[in-house]
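Hello,

Here is the structure I promised to pass on to you. Have a look at it first, and then read my notes on the aromatic rings below.

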Amino acid sequence: MQVTPDRVVEILSRAAPEPLTLPVRSLDHADHVLRTALMGYPELAADHLLHPEAARDLPAIVSSIVRRATLLIEREGLRGCELEGRVVRRARIYKAVLELALNLIGVERAWAGIGRDGAELVLRSLVNALEAWEGKDRGELGEPAVLAGVIERELERARRVNRGKSMVAAMAAEIEKGLRGDSLAKSFVEAAGKVFAENFYRRAYEARICKFGNDYALGLRWLRHLGFVQVSTNPVLAARAYEDDTELWEAFKKYASKVLSSEHPEWFAEPEKYADDLAMEATRFALLENFYVFRVPFVLSGYHDGLVSYQLNPLIAHDAEKGVEAVKVFVERLERDLSVYDEYLWWGYSVPEKGRPNLVVKVAAAYPAAIEIAERINSMGVGQNITLSYTVSQEVLVGAAALRGMAKAVKKGIVPTQTYNTNMGGRLEDHLREVLAAKLLLEALGKLGEEEKWRLLDRLASKLGVKLEEWSEARRKGLEAAVEYLCSVRVMGRNLRRAEYVEALAETKAFGSCADVERMLEKWERAVSLSGTYVTKRVYEIFFAPWNRGKWVEYLVKTVGVARDQAELVLDRFDLLPASKRKSIDTLLTLSSINVTNTEFPDHQLNVVEAATGLSLEELRESVAKPLSGNELELLMQLEDFVKAYEASPETAELLSEAGIKQDYGHRGVSPNDWPSYGPCAKTLREFTNAYLAFRSKAIELAKEVGLASQNR
């Protein structure tokens, strides 16, 4: 068999890792790294050395790893019998050493307390070892096929992220440009080091401008090297991870066949009856790698960073009892896996708590039950991510419940897990744009007769490229429904100034000439595009402005009975999470060194990097606390649904008064009983529910396939 880089990639894609079993039988840290890597867990092997207890002995440990690896490589040539097995073992060694090198040039070095000088010394040793092994490959194969295959597989996995439309994929392209055929290992490490060091997110994280998370389930190790400390997922993103990484679905199928079918045969006998259990396991399996990647920052930060979001089944989000019970089940299953993983990750080290899930549960604030769920799960020490939240009312009421729950945990001696208060600003923006576009179009149509109205709408539908059958269906539902359909993001996009829409409004003469309409819509577009940011800034002020932060400390002391330093700890572990971004400015205007983590889509990261080019980090420091200029807020306050998002509800105003906060934040915000019907809540809940049902159906079909295969064996 000829060994080429492509052949190596093919071999590695088939090489399944051995199961992690207990007890761990390692001699020392170097032996443990090599054993773990050769079992098929090179990333875990590299991460094992990211602990302060290893930092002081790192040069000696790495020296032993290189010596033992060299002996194995020299002993096992790439000719003769069992060639595939030898290729896999050598590739796993290379991969582990490359991952260790990336950890040393990433922010992980500082997390583990590894000094810069020590890291550079070890990095030189690792690169020199890789170059020597690269020479061994050349001598045996005529080219460094194994190393090239390992690097190509690494780059190819990065290119998968969001199907190539991602910052990680762009980083991979830059690293690939820097590769040199005559010095593959060294050029890869050098190129990666340069790309990491120059990245905006890395520089912003190290300058303490803000913390960052990822709204996607793939590509996380590279983002971790830049300082990303959180990943946020939902049913849509879990399904997309399986779509983008076909190997993941095949791996889950094998897991279901070998493990789940024996543990829970009833699931495969009656998959429809256990549909939610199957969906939970499919989601958990998809996210396991996420949990593994972020174990290091989670444990080393004392449960402050390294969190992975898991969204509760949206079908039970309205039921507090069912929601809390589902959390308990998920935590129990996850802790079982993480306990084994941690035995390998932290073998030989002093770690206070192994297996504790680096989990935040996404609780849908689309229902009043979110208030109770947030308080109860946080009181158990389980972190939370308040989601489907667009309004001051939701974020303050559910956020305060989370704070009370965390304080109850602290009172019992439980170190609380970081909790997030999400503001889905982009989805609020989408909703307001749709509502405004429909309102303006209906107002304009009021100037026309009945037949003229429909002729104009027919022309607009045609110009927007709407399919005839879809337009016919919308037409049958009446004028308002037809207008709402045409003004939806799905049809018109995210731009009030779309030419076809401008022409339609101008044709009615309701708002003047085409130029007049353009000017009007330009002002509205600028205002709507800042709507989510206005809400984010207000929520940040309510919780974290210097004149309010201390009030929440006092509130927790008074209502829960914790000590002041415990209440301060709780506030420190509560971050605002600006999310669902549509534009780079959504990130750049919401940065803070404390109590903010910005979570980003992979393609949005590209936009932020481009927009930040030429800006100094100091210009961006504490941007979330800086007021916005202009009259956009005045315009937005003319929109009823924005007022509902921006002002406090009566219940929120009462809570703020109880907390001693005197500022007037209004009283016209949406009340908890109206959360389910509030526009953005209803729309997102429908989307997430449909995505969940589709994902669940796929899990059911897989269970049927596995069950049938089992019967035929």
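**Aromatic rings and their neighbours**

Let me start with a charge and a ring: R538 lies over the face of Y646, at 3.8 Å from the ring centre. Please keep in mind that this is a predicted model.

A similar theme leads to another part of the chain. The charged end of R356 is placed over the ring of Y303, 4.1 Å from the centre of that ring. Y303 also has an aromatic partner, F298: their ring centres are 5.0 Å apart and the planes meet at 40°, so this pair is tilted. That label follows because only planes under 30 degrees apart count as stacked and those over 60 as edge-to-face. Both partners are buried, F298 with a relative accessible area of 0% and Y303 with 8%.

How many aromatic pairs are there? The count comes to 21. One of them joins Y201 and F228, a tilted pair with 5.1 Å centre to centre and 55° between the planes. Y201 belongs to helix α12 (residues 200-206), while F228 sits in the loop between α13 (220-226) and β2 (230-231), so the pair ties together parts that are 27 residues apart in sequence. Y201 is buried, at 0% relative accessible area, and F228 counts as buried too, at 1%.

Finally, which residues form one aromatic cluster? They are Y540, F543, F544, W552, Y555 and F574.

Enjoy looking around!

Best wishes

Conventions
Residues are numbered from 1 along each chain as its sequence is written. This is a predicted model: local features need pLDDT of at least 70, side-chain atom pairs count only at pLDDT 80 or more; totals for chains, interfaces and linings use all residues. Side-chain values use heavy atoms; hydrogens and water are left out. Rings of Phe, Tyr and Trp (its six-membered ring) pair if their centres lie within 6.5 Å; planes under 30 degrees apart count as stacked, over 60 as edge-to-face and the rest as tilted. Helices (H or I, at least four residues) and strands (E, at least two) are DSSP runs, numbered from the N terminus. Buried means under 20% relative accessible area, exposed over 50%, partly exposed in between (1.4 Å probe, protein chains only). A charge sits over a ring if NZ of Lys or CZ of Arg is within 6 Å of the ring centre and within 35 degrees of the ring normal.
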